[in-house]
Amino acid sequence: MRHVADLSGRVAVVTGANSGIGRGVALELAAAGARVVVNHRPEEDSRRRAAEVVDAIAQAGGAAVAAAADISREDDVEQLFRVARDHFQGVDILVNNAGIEQPAAIQDMTLAQWQRVIDVNLTGQFLCSRAAVRAFLGRQPKPPPDAAAGKIIFISSVHEVIPWAFQANYAASKGGVSLLMQSLAQELAPMKIRVNSVAPGAIRTPINAPAWNTPESLAALLKLIPYGRIGEPEDVARAVAWLASDDSDYVTGSTLFVDGGMTLYPAFRGAG
Ligand code: BGC
């Protein structure tokens, strides 16, 4: 059996856990022993897919509960963390995963497109982090190996460092996540709260289906990935599980790129 991080006895809130990377993270954390709050948007299709994630966890012998919340709304986020408290008596791990894209050329980008992406990808991560920190504070750090009083993992993107034409709103949100994460890590380390990011590259999920669902688009995408394959949600989920576990107890303020080398300027190999 492959080694999984030990998260037994822990409670994790995973935002946007009904699909894609969030779904993979929820399944992985549950496999590692955590009880998981599977957040999803209130719409019916998201609700149905979140219920499927909860069922899959239960069938594998784990514990999970679904919780609807638009994480860009303050009241919804309060309600989300109430679910963690009511069902699982608290929270130990927050995975700030929920994110969206609304591409447009800058001259055509509406304020609504700009605002919605910032609201979900950046303000939502602030609101969830604040709620998690309020839950963590006041708890005593546990003795080693449970040294941290709480852990926050941001799901950022390679676009926290790679500029992205036609997705200026998205890249700006992820650039914001980078310094939000580091600022919180600096602020919260004395309280024994660890804050880190995982920055995925191209992962096979619905958000970027056009980038991989035809042979032509996949070939173009692979030119950007030195390691020669697209990523899978499990690639990201395993990194998140490690950062959520006490195996990474001395790691805070770091961004772990899980990108097959996408951030290595592959066009410069043998050029420049
Ligand atoms: C985006 C994907 C994109 C990847 C690499 C991610 O943050 O959500 O759509 O394929 O970055 O460019």
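**View 1. An open sheet of 7 strands in the predicted model.** In this predicted model, 7 strands with parallel pairing are arranged as an open sheet, in the order S3-S2-S1-S4-S5-S6-S7. The edge positions are taken by strand S3 (64-68) and strand S7 (255-258); each has a single partner strand, so one side of each is left without a neighbour in the sheet. On average, and with direction ignored, neighbouring strands of this sheet are turned by 20° against each other.

**View 2. Helices H2 and H5 packed on the sheet.** Helix H2 (residues 44-59) packs on the sheet through contacts with strand S2 (35-40) and S3. The direction of H2 makes about 165° with that of S2. Helix H5 (residues 168-188) also packs on the sheet, where S5, S6 and S7 are touched. Between the direction of H5 and that of S6 the angle is about 160°.

**View 3. Strand S5 and its pairing with S4 and S6.** Strand S5 (residues 150-155) runs parallel to strand S6 (residues 193-200), and 6 bridges join the two. Among the bridge partners in S6 are Val195, which pairs with Ile152, and Asn196, which pairs with Ile153. Strand S4 (residues 93-96) is likewise parallel to S5, to which 4 bridges join it. Here Ile93 has Lys151 of S5 as its bridge partner.

**View 4. Burial of strand S5.** Strand S5 is mostly covered, with 6 of its 6 residues buried. The cover extends to both faces of S5. Gly150, Ile152 and Phe154 are buried on one side, and Lys151, Ile153 and Ile155 are buried on the other. Lys151, the bridge partner of Ile93, is thus shown here among the buried residues of the strand.

**View 5. The packing of helix H1 against helix H7.** Two packed helices are described by the angle between their axes and the distance between the axes. Helix H1 (residues 20-31) and helix H7 (residues 233-244) pack at an angle of about 50°, and their axes are 8 Å apart. The two helices H1 and H7 are therefore oblique to each other. The crossing in which H1 passes H7 is right-handed.

**View 6. Residues at the contact of H1 with H7.** On H1, the contact is made by Gly20, Ile21, Gly24, Val25, Glu28 and Leu29. The contributions of H7 are Pro233, Val236, Ala237, Arg238, Val240 and Ala241. By class, the residues of this contact of H1 with H7 divide into 8 nonpolar, 2 polar and 2 charged.

Conventions
Residues are numbered from 1 along each chain as its sequence is written. This is a predicted model: local features need pLDDT of at least 70, side-chain atom pairs count only at pLDDT 80 or more; totals for chains, interfaces and linings use all residues. Side-chain values use heavy atoms; hydrogens and water are left out. Two strands pair if DSSP finds at least two bridges between them. Axes are lines fitted to C-alpha atoms, for helices over the stretch in contact, and angles run from 0 to 180 degrees between N-to-C directions. Contact means heavy atoms within 4.5 Å. Angles under 35 degrees count as roughly parallel, over 145 as roughly antiparallel, 65 to 115 as roughly perpendicular and the rest as oblique. A crossing is left-handed if the near helix is turned anticlockwise from the far one by less than a right angle, and right-handed if clockwise. Ala, Val, Leu, Ile, Met, Phe, Trp, Tyr, Cys and Pro count as nonpolar, Asp, Glu, Lys and Arg as charged, and the others, Gly among them, as polar. Buried means under 20% relative accessible area, exposed over 50%, partly exposed in between (1.4 Å probe, protein chains only).
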